[in-house]
Amino acid sequence: QGYEGLVEGGDNIKQANWLSVSNIIQLGGTVIGSARCKAFTTRAGRLRAARNLVEHGITNLCVIGGDGSLTGADIFRSEWAGLLEELVRDGQISEEVARENSRLNIVGLVGSIDNDFCGTDMTIGTDSALHRIMEVIDAITTTAQSHQRTFVLEVMGRHCGYLALVSGLASGADWLFIPESPPEDGWEDLMCERLGE
């Protein structure tokens, strides 16, 4: 469950084995769970997460996420030494354990359907999101044609229109709104004219 699992500990932290990762490659999304974690945004929450990691002897993290996840990872890494000092001071871990876990290594991977990160062709999640969008478009196109109706489809992407643009091109959409190119004045009349054709 992401940082929530780090903070809560217990059964959320367990070793992955062959059986736990078998037959998951074709699944979209995350099979290990994902959760927004308010506690991790606080030092007290990060202290609990540090305690749980040290308890399991984990000093390497692979963080897959967007702005929040990667910012949280950077803060966690920068505070690591101080968090261990506080755990020693509070008697929760020994100085020897702190020394053994003195370095936290983090690898950050951009896991975002938005595809809005420079230096990579496609962020993790974009491809499966596009596949889902195209499945939905394929499913509603027949209905739209048979009923002679206009369908409006909104896709995710926050401030990035990549998913909308690519799925619009792939499906032959008649009209498209993306944040990178806001509509000009009078777009309503132009859209109605286009749809009327």
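**View 1. Six salt bridges turn up when the whole structure is searched.** Welcome to this model, which is predicted. The views below begin with some of these charged pairs and then move on to other spots along the chain.

**View 2. Arginine 43 and glutamate 79 join their side chains in a salt bridge.** The N to O distance here is 3.8 Å. Arginine 43 belongs to helix H3 and glutamate 79 to helix H4 (residues 67-89), so this pair ties together parts that lie 36 residues apart in sequence. The two partners can also be described by their accessibility: arginine 43 is partly exposed, at 34% relative accessible area, whereas glutamate 79 is buried, at 18%.

**View 3. Glutamate 79 also forms a salt bridge with arginine 46.** In this pair the closest N and O atoms are 2.7 Å apart. Distant parts of the chain are linked once again, with glutamate 79 in helix H4 and arginine 46 in helix H3, 33 residues apart. Arginine 46 counts as buried, with 8% relative accessibility. Stepping back, you can follow a network of salt bridges that links Arg43, Arg46, Glu79 and Glu86.

**View 4. Within helix H3, arginine 51 and glutamate 55 are four residues apart and their side chains meet in a salt bridge.** The N to O distance is 3.6 Å. Because they are four residues apart in the helix, about one helical turn separates the two. Arginine 51 is partly exposed, at 23% relative accessibility, while glutamate 55 is exposed, at 51%.

**View 5. Glu184, Asp185, Glu188, Asp189, Glu193 and Glu197 form a negative patch on the surface.** Take a look at one member of this group, glutamate 197, in the segment that follows helix H8 (187-196). Glutamate 197 is exposed, and its relative accessible area is 73%.

**View 6. A nonpolar surface patch is made up of Ile64, Val107, Leu109 and Ile124.** Together these residues have about 340 Å² of accessible area. Isoleucine 124 sits in the loop between strand S2 (105-110) and helix H6 (126-147). With 47% relative accessibility, isoleucine 124 is partly exposed.

**View 7. Asparagine 23 has a positive phi of about 65°, although it is not a glycine.** To find asparagine 23, look in the loop between helix H2 (18-21) and helix H3 (43-55). This residue is exposed, with a relative accessibility of 63%.

**View 8. Asparagine 115 has a positive phi near 55° and is likewise a residue other than glycine.** Asparagine 115 is placed in the loop between S2 and H6. Whereas asparagine 23 is exposed, asparagine 115 is buried, with a relative accessible area of 12%.

**View 9. Cysteine 37 is shown here, in a structure that holds zero disulfides.** Why does cysteine 37 have no bond to the closest cysteine sulfur? That sulfur belongs to cysteine 62 and lies 18 Å from the sulfur of cysteine 37, which is too far for a bond. A disulfide would need the two sulfur atoms to be within 2.5 Å. Cysteine 37 itself is buried, with a relative accessible area of 11%.

Key: Residues are numbered from 1 along each chain as its sequence is written. This is a predicted model: local features need pLDDT of at least 70, side-chain atom pairs count only at pLDDT 80 or more; totals for chains, interfaces and linings use all residues. Side-chain values use heavy atoms; hydrogens and water are left out. Patches are made of residues with over 30% relative accessible area and no salt bridge: like charges are joined within 9 Å, nonpolar side chains (Val, Leu, Ile, Met, Phe, Trp, Tyr) within 5 Å. Accessible areas come from the Shrake-Rupley method with a 1.4 Å probe; for residues, only the protein chains shown count as cover. A salt bridge is a side-chain nitrogen of Lys or Arg within 4 Å of a carboxyl oxygen of Asp or Glu. Lys and Arg count as positive and Asp and Glu as negative; His and the chain ends are not counted. The place of a charge is taken as NZ of Lys, CZ of Arg, CG of Asp or CD of Glu. Buried means under 20% relative accessible area, exposed over 50%, partly exposed in between (1.4 Å probe, protein chains only).
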